[in-house]
Structure formats: C-alpha cells, structure tokens
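Here is a short tour of one structure for anyone who likes to work from the atoms up. Have the model open as you read and follow along residue by residue.

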Amino acid sequence: QVQVVESGGGLVQAGGSLRLSCAVSGRIFSIDAMGWYRQSPGKQRELVASIAKYGSTDYIDSVKGRFTISRDNAKNTVYLQMNSLKPEDTAVYYCKANIRIVDLPIREYWGQGTQVTVSS
C-alpha cells in the first residue's frame, strides 16, 4: 500500500509564505519524478512545479522566482516553498509522484490535496 500525504497548507496574507510537504510511504522500490499541481474552482488542474529524481526542476511562468520545489530522496518527500504569495495562488494543491513498486510498472500516485488560501 502506497500513501501520498500532503501537509502545510493554510491561510496567509498576500506577500506571505507557506511551505508544503508531501511524504510518500509504503512498499516502494523507487520514486521518479514528483510534482505539485493546483486546482481552483472552475479551473482545470495545472502543473505548478516538477522535479526529476536527481533534481532538475521546471515551473510554470506565473510562479517562477517565487516558488521553489525540492526533494529529499532519503525521506521520500517533496517540498514546495511558496514566497510572495498572491491571491491568484489560492487553490487546492496536490502532490503527484511517479512510483515504482517491485515487480510492477511505474505509475502515478496522488495525494488528497491541501488548501492554500491567500487573502488580499
């Protein structure tokens, strides 16, 4: 059984910071790419930031220079440091991990989401 659990969301004023964490647990052989997505009401889920197994990163333009994704492979955890938050960053943030379990093909696992609300 694999679990993907996010934490760290909350309510913050514009200009503030939050740090999201996503921990993966269970009988895992390896974790490849990990990413943070977000979805706000009436909008499609979008990829915010991704990080490959050995650290290369990618961001959507609207968060470049404000958000930083990182991972600790020893802890099977990915982080999203969000600075200079704006009201338009308000959304449910989801973690996704591409996980390989022994003798099974790699597949995507999603967390349950964590709410981030930025007040103006």
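Cys-95 counts as buried in this predicted model, because its relative accessibility is 0%, under the 20% cut-off. Its partner is Cys-22: the two form a disulfide, with the sulfur atoms 2.1 Å apart. Cys-22 is buried as well, also with a relative accessible area of 0%. If you scan the whole structure for further bonds of this kind, the search comes back with one disulfide.

What does this disulfide link along the chain? It joins distant parts: Cys-22 lies in strand β3 (residues 18-26) and Cys-95 in strand β9 (residues 91-100), 73 residues apart. The torsion about the S-S bond is about -80 degrees, so the disulfide is left-handed.

Strand β3 also takes part in a sheet. Four strands make up this open sheet, in the order β1-β3-β8-β7, with antiparallel pairing. Strands β1 (2-7) and β7 (67-72) are at the edges; each has a single partner strand, so one side of each has no neighbour in the sheet. From one strand to the next, the twist averages 15 degrees. As background, the strands of a sheet pair through backbone hydrogen bonds, in either a parallel or an antiparallel sense. Here β1 and β3 pair antiparallel over six bridges. To find the register on screen, look for Val-2, which stands opposite Gly-26 in β3.

Now for a charged side chain. Is Arg-38 buried or exposed? Arg-38 counts as buried, because its relative accessibility is 7%, again under 20%. Arg-38 is found in strand β4, which spans residues 30-39.

Which side chains make polar contacts with the side chain of Arg-38? Asp-89 and Tyr-93 are both listed here, with their distances:

| Side-chain pair | Polar contact distance |
|---|---|
| Arg-38 and Asp-89 | 3.0 Å |
| Arg-38 and Tyr-93 | 2.9 Å |

Leaving aside residues up to four places away in sequence, Arg-38 also touches a longer list of residues, including Gln-44, Arg-45, Glu-46 and Val-48. Among the others that Arg-38 touches are Ile-60, Ser-62, Val-63 and Phe-67. Asp-89 and Tyr-93 appear among these contacts too, along with Ala-91 and Val-92.

Two places are good to revisit in the viewer. One is the disulfide between Cys-22 and Cys-95, and the other is Arg-38 with its polar contacts to Asp-89 and Tyr-93.

Conventions: Residues are numbered from 1 along each chain as its sequence is written. This is a predicted model: local features need pLDDT of at least 70, side-chain atom pairs count only at pLDDT 80 or more; totals for chains, interfaces and linings use all residues. Side-chain values use heavy atoms; hydrogens and water are left out. Helices (H or I, at least four residues) and strands (E, at least two) are DSSP runs, numbered from the N terminus. Buried means under 20% relative accessible area, exposed over 50%, partly exposed in between (1.4 Å probe, protein chains only). A polar contact is a pair of N or O atoms within 3.5 Å; within protein, one must be able to donate a hydrogen and the other to accept it, and residues adjacent in sequence count only if both atoms are side-chain atoms. Contact means heavy atoms within 4.5 Å. A disulfide is a pair of cysteine sulfur atoms within 2.5 Å. Two strands pair if DSSP finds at least two bridges between them. Axes are lines fitted to C-alpha atoms, for helices over the stretch in contact, and angles run from 0 to 180 degrees between N-to-C directions.
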